[in-house]
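This briefing introduces a protein structure through a pocket and its sheets. Please keep the sequence and the model in view while reading.

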Amino acid sequence: MLHLLEFPYNGEPPKRLVTAKPVTPNSLHFVRNHGGIPDIDASEFTLKLDGLVKNPMSLTLADLQNEDLFPRQSNLVTIQCSGTRRIEQISEYAGEGDEMINAPWAEGAIGTARWTGVSLKKVIKHCGGLIDGGKHLELYGAETYFKQGEAMNYVVSVPFSKVKINEVLLAWEMNGEPLPKIHGFPLRAVVFGYIGARSVKWLYRIKAIPHPSREPVQSREYLYFTSQVGKHNQKYTKGIQIQEMPVSSAIMEPWAKEVVVHNGHIHVKGWAYSGGGHWPERVEVSPDGGYIWYDVPSENFSEKHKYAWRTWTIELPVDAEGWLELCVRCWDNSLNTQPTYVRSAWNWGLHVTSSCHRVKIYSVNKSKPDTRARLEEFEQVGIPFVPITRPTPFKVQSDTDYEKFWAEHDQRDVDD
């Protein structure tokens with residue numbers, strides 16, 4: 001894993017492994033922490049349900065896993081951090097996320113797993129349902145952290161309307177294995193299609209309340225501002241609390257500033273995702289910064305799921321050589337797509353980089369005779385072609401060839 005922050009520990013997988021499989025192995029699923037990792041004894045664990053529920057109660061892990069009480073549910077769900085691709089916003093304009101403990105994520109703060117547990121709807125029903133005024137459910141994680149000189153508990157909320165459609169899972173299993181400690185053992189929430197911050201780890205309490213949580217994580221963090229809001233005029237009420245993730249995508253191969261030697265087609269791979277119960281329907285890749293777009297063939301996608309990403313590959317036609325900018329955009333099933341440039345999505349908190357992902361690469365097209373001949377020269381003398389910034393260690397044109405050219409062409413200057 002690539003460590004974005006040492007403490008609290010935050011990490012994403014190496015770029016080459018992010019989309020190696022449509023379902024992310026547990027060991028390669030990104031990790032987002034706000035504080036230390038709790039050490040919880042599953043045999044002593046209880047989940048408290050209180051607030052505006054008819055019959056407040058505490059349930060053990062064994063209670064939740066008792067299929068006579070609760071039907072078990074498994075779902076393939078992508079979890080994406082709202083900071084995914086934050087590094088692109090940071091590189092363009094400074095924002096609050098530069099200095100606060102927000103990890104400078106690249107494209108790997110996203111992962112897909114099959115989660116197993118019980119629908120929160122069934123648990124609320126077991127408690128007799130909500131009483132008058134109960135409209136939101138506050139989720140408490142056993143994680144404490146410090147921010148701006150204040151000690152905070154990790155508490156967020158989700159609307160009951162989300163719970164009623166079975167889109168909030170209380171999970172104890174990840175990809176057929178017990179939930180790893182770093183991913184929330186013994187119990188976590190998995191909120192389908194929402195920002196990863198709502199999928200609370202180390203869940204120990206659920207409280208029914210009449211309005212969205214007033215706790216800092218919900219009310220003062222993970223806010224999306226307009227580009228006009230900054231340090232000079234920031235107020236929490238000016239921001240939108242981020243819930244559903246917008247459509248997004250990323251190129252995972254080739255890498256930024258990679259020298260790509262090809263025969264007129266470049267192998268490009270990546271991921272695409274849309275939250276809120278939407279899914280990627282079409283992905284387009286451009287070899288020239290967004291003027292010409294090529295569709296990813298339907299057979300080059302991973303399977304379609306309502307709450308999960310799709311990985312994709314394309315053999316992208318590329319004739320030009322030299323520095324090029326590849327970019328990708330996704331269209332979801334509701335025909336939502338991505339803003340064209342980072343500036344369109346920039347915001348003070350540096351959240352939700354949903355613009356078209358761009359990768360600058362150096363194209364070397366072997367289908368061109370001169371290029372093929374030059375590469376053969378490097379091979380014959382046993383010298384690597386890369387890095388391209390290293391001077392060529394032999395004459396790039398013979399004296400004879402040089403003189404022959406000018407004998408057949410006009411000179412650089414004219415006489416009159």
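The points below cover the basis of the model, the largest pocket and one open sheet.

The model is predicted: local features need pLDDT of at least 70, side-chain atom pairs count only at pLDDT 80 or more, and totals for chains, interfaces and linings use all residues. Residues are numbered from 1 along each chain as its sequence is written, and side-chain values use heavy atoms, without hydrogens and water.

**Largest pocket**

- A pocket is an open set of points on a 1 Å grid over the protein atoms alone, where a 1.4 Å probe fits, with protein on both sides within 12 Å along at least five of seven lines.
- The largest pocket has a volume (the space filled by probe spheres set on the points, which are joined across faces, edges and corners) of about 520 Å³.
- Its lining (residues with an atom within 4 Å of a point) holds 26 residues, of which Glu88, Glu107, Ala256, His357 and Arg358 are the closest to the centre.
- Strand 1, helix 3, strand 15 and strand 22 each supply at least two lining residues; helices (H or I, at least four residues) and strands (E, at least two) are DSSP runs, numbered from the N terminus.

**Three-stranded sheet**

- Three strands form an open sheet in the order 15-17-20, with antiparallel pairing; two strands pair if DSSP finds at least two bridges between them.
- Strand 15 and strand 20 are the edge strands, each pairing on one side only.
- Eight bridges join strand 17 to strand 20, and Ala272 stands opposite Arg310 in strand 20.
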